[in-house]
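Work through the exercises below with the sequence and the 3D view open. Each task is followed by a solution in steps.

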Amino acid sequence: MELIDTHCHLYDPALTEDIDEVIRRALAAGVSRFYLPAIDRESESSMLGLEKRYPDICFAMQGLHPCSVKADVEEALQHAEQSLAGRLFAAIGETGLDFYWDRSFEKEQYRAFHRQIEWALDLNLPIVIHSRESIDQTIAVVREHQKGNLRGIFHCFNNDEQSAKKIVGLGFYLGIGGTLTYKNSKLPEAIREIGLENIVLETDAPYLPPMPFRGKRNESSYLTYVAEKLAQIKGISVEEIAHITTANALKIFSKA
Ligand SMILES: [Zn+2]
């Protein structure tokens, strides 16, 4: 069984101390590739350092997280843009809109999101989208740019069926993670009618661990718990889930 963790912050300080063990456990569990979303300039060198340490299995993205959009947004975007000109990244991201923590840079969040979508189109790269308390606004921005060439993932999707269908209608994938396993989660219902051809798996490690690890540190080996829960919901084998979601991930991140 082969799984791909399409979204994990394995370079996060919470994981650095025993990262070799974390990766060894994930490989033993069948997780063969790790896609590392960028957050900001401060964490970039640890992300690139990890990619260098594991060049065949860890793949870095480039971008600016909406929660990292502050008054220095222009400098941050310029930095990312220069970096993108210098080498090939797996994707643009993570980018998007987050109105949960702080709306004081809302205008700048929009500007950064639009700009990063333009990069994705120019460079023919997938885009990895973060949306919190902003799903309608985020979908509207994607719709505005979707002329058939934009592709990517709504990472950590945790909204309702209507939003899921809109995202799939835009040709995007849903990144499904640990929240699927939570008691009282509405996510199983929201994705009941969504085809597996529009789903990829992620941990978002070190955040949002699946049951029974809720409240603890998340790591990529726990991706099997998400795959098993999805298999249960869809009424098919976990091997089949792995086969389809892995093929989806490879398709998204390969140069189209
Ligand atoms: Zn993330």
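**Exercise 1: the zinc site**

Both His-7 and His-9 are buried, where buried means under 20% relative accessible area, exposed over 50% and partly exposed in between (1.4 Å probe, protein chains only). The model is predicted: local features need pLDDT of at least 70, side-chain atom pairs count only at pLDDT 80 or more, and totals for chains, interfaces and linings use all residues. Residues are numbered from 1 along each chain as its sequence is written, and side-chain values use heavy atoms, with hydrogens and water left out.

Task: find which protein atoms are the donors of the zinc ion.

Solution.
- Step one: take as donors the N, O and S atoms within 2.8 Å of the metal (3.2 Å for Na, K and Ca); water is not among the atoms, so sites may look incomplete.
- Step two: the search gives NE2 of His-7, NE2 of His-9 and OE of Glu-94, lying 2.0 to 2.1 Å from the zinc ion.
- Step three: along the chain these donors follow the spacing H-x1-H-x84-E.

**Exercise 2: the sheet**

Task: give the order of the five strands in the open sheet, then follow the chain from β4 to β5.

Solution.
- Step one: strands (E, at least two residues) and helices (H or I, at least four) are DSSP runs, numbered from the N terminus. Two strands pair if DSSP finds at least two bridges between them.
- Step two: the order is β4-β5-β6-β7-β8, with parallel pairing. At the edges are β4 (92–98) and β8 (199–201), each pairing on one side only.
- Step three: β4 and β5 (residues 127–132) are joined in the parallel sense by six bridges. Leu-97 has Ser-131 of β5 as its bridge partner.
- Step four: seven of the seven residues of β4 are buried, so the strand is largely enclosed by the rest of the structure.
- Step five: from β4 the chain passes through helix α5 (residues 106–123) to β5, a right-handed β-α-β crossover. Right-handed means that, with the strands pointing away from the viewer, the path from the first strand over the helix to the second runs clockwise.

**Exercise 3: helix α3**

Task: sort residues of α3 into buried and exposed.

Solution.
- Step one: in α3 (residues 44–53), Glu-44, Met-47, Leu-50 and Glu-51 are buried.
- Step two: seen down the axis, these buried residues fall within an arc of 135° (taken from the directions from the helix axis to the C-beta atoms), so they line one face of α3.
- Step three: the face turned away carries Ser-45, Lys-52 and Arg-53, which are exposed.
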